[in-house]
Amino acid sequence: MRHAILSDVHGNLEALEAVLEDARQQGARRLLCLGDFVGYGPDPNACVETLRPQLSAALVGNHDLAALGRLDARRFNLFARAALEWTREQLSATVRAYLERLKPREEFEGVLLVHASPQDPVAEYILDWETADDNFRAAEFSLCLFGHTHVPVRFAHDGHRTYVFPLPVNTPVRLEAGFRHLVNVGSVGQPRDGDPRAAYVLWDSEEATVELRRVPYPVEAVQVKMQRKGLPRPLWERLAEGR
Ligand code: ZN
């Protein structure tokens with residue numbers, strides 16, 4: 001069965017709608033979200049309301065927690081903090097109540113889902129080989145899907161060593177038997193790998209494959225909204241560059 005794994009939507013409704021349409025066309029039967037529904041983007045409530053009824057599993061991310069006032073906003077940089085303060089004012093009571101119920105770590109059909117990392121599901125950034133290696137040793141899982149860094153990548157561990165693999169775009173990759181895997185699904189709403197297109201991963205549980213999908217969306221429409229809502233300029237400028 002094909003699952004669409006979304007993460008780091010960050011209030012970007014145009015990117016989310018483009019991803020949902022692509023996931024439908026690709027035959028995804030289930031939708032999972034690894035957290036950071038809100039923060040940065042101009043449509044926090046609409047993103048949560050759109051996703052919530054469709055999700056088979058959902059996690060809370062560090063930006064969601066900060067917008068709820070459950071994580072210190074001083075841990076974020078100036079612009080992220082300004083967006084979080086704006087987001088906190090926008091959140092509806094139902095959206096708040098929904099996000100409050102979510103955890104940053106869940107098991108889903110034998111797969112570990114975390115927002116950030118297995119050993120620190122809220123905060124740690126797995127951006128390099130060493131941090132991935134630490135996590136393979138710190139937790140038991142055969143497949144872990146994660147977000148948080150906004151950079152899609154795959155790490156594999158054979159019991160002795162950890163290997164890093166890029167995720168090719170729109171091409172399924174087999175999760176080799178005998179290896180454990182950590183797969184970062186990228187970010188729907190604020191990619192940071194130099195490609196401005198929205199990112200998500202299709203995971204096929206029978207075929208044991210993952211496929212990084214990149215989906216274009218109207219970036220300028222989101223930038224105009226962010227400008228109108230008074231969100232900091234560097235936050236809407238970066239969307240065009242995917243950084
Ligand atoms: Zn994020």
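## The open sheet

Six strands, in the order β3-β2-β1-β11-β12-β9, make up an open sheet with mixed pairing. The edges belong to β3 (55–58) and β9 (173–174); each has a single partner strand, so one side of each is left without a neighbour in the sheet. Keep in mind as you look around that this is a predicted model.

At the β3 edge, β2 and β3 run parallel and are joined by 3 bridges. One place to look is C33, whose bridge partner in β3 is A58. A58 also turns up in another neighbourhood, since E106 is in contact with it.

## The zinc site

Which residues hold the zinc ion? Its protein donors are D8 (OD), H10 (NE2), D36 (OD) and H150 (NE2), at 2.0 to 2.4 Å from the ion. Along the sequence, these donor residues follow the spacing D-x1-H-x25-D-x113-H. D36 sits in the loop between β2 (30–33) and α2 (44–51), while H150 sits in the loop between β6 (143–146) and β7 (153–157), so this pair ties together parts that are 114 residues apart in sequence.

If you plan to look at the geometry, note that the 4 donor atoms subtend angles of 87 to 177 degrees around the zinc ion, which makes the arrangement irregular. A tetrahedral label would need all angles between 85 and 135 degrees, and the upper value here is 177 degrees. Are D36 and H150 buried or exposed? D36 counts as buried because its relative accessibility is 1%, under the 20% cut-off. H150 is buried too, with a relative accessible area of 2%.

## Helix α1 and its surroundings

Helix α1 covers residues 13–25, and its 13 residues should span 18 Å at 1.5 Å a residue; the end C-alpha atoms are 18 Å apart, which agrees. At the N-terminal end, N12 acts as a cap, with a side-chain oxygen 3.5 Å from the backbone nitrogen of E14. Just after the helix, G27 adopts a positive phi of about 80 degrees.

The buried residues in α1 are L13, E14, A15, L16, A18, V19, L20, D22 and A23. What covers them includes β1 (2–6), β2, α2, β11 (198–204), β12 (209–215) and α7 (219–228). Of these, β1, β2, β11 and β12 also appear in the open sheet.

## Strand β10 and its partners

Another strand to visit is β10 (residues 180–184), which is mostly covered, with 4 of its 5 residues buried. Strands of a sheet pair through backbone hydrogen bonds, either parallel or antiparallel. With β6, β10 pairs in the parallel sense over 4 bridges, and L145 stands opposite V183 there. With β7, β10 runs antiparallel, joined by 5 bridges; here H157 stands opposite R180. The two partners, β6 and β7, are also the strands on either side of the loop that holds the zinc donor H150.

## Two residues to compare

T87 belongs to helix α4 (residues 78–90). With a relative accessible area of 0%, T87 is buried. Beyond residues up to four places away in sequence, T87 touches V38, G39, Y40, P44 and A67.

E106 is found in strand β4 (residues 105–108) and, at 27% relative accessibility, counts as partly exposed. Apart from neighbours within four places in sequence, the contacts of E106 are A58, L59, V111, L112 and L113. How far apart are E106 and I126 in space? Their C-alpha atoms are 18 Å apart, with 20 residues of separation in sequence.

Terms used: Residues numbered from 1 in each chain as written. Predicted model: local features only at pLDDT ≥ 70, side-chain atom pairs only at ≥ 80, totals over all residues. Heavy atoms only, no water. Donors = N, O, S within 2.8 Å, 3.2 Å for Na, K, Ca; no water. Tetrahedral: all angles 85-135°; square planar, octahedral: opposite > 155°, others 65-115°. Helix = DSSP H or I, 4+ residues; strand = E, 2+ residues; numbered from the N terminus. Buried < 20%, exposed > 50% of the residue type's maximum accessible area, 1.4 Å probe, protein only. Contact = heavy atoms within 4.5 Å. Expected span 1.5 Å × (residues − 1). Polar contact = N/O pair within 3.5 Å; in protein donor to acceptor, adjacent residues only side chain to side chain. Pairing = 2+ DSSP bridges.
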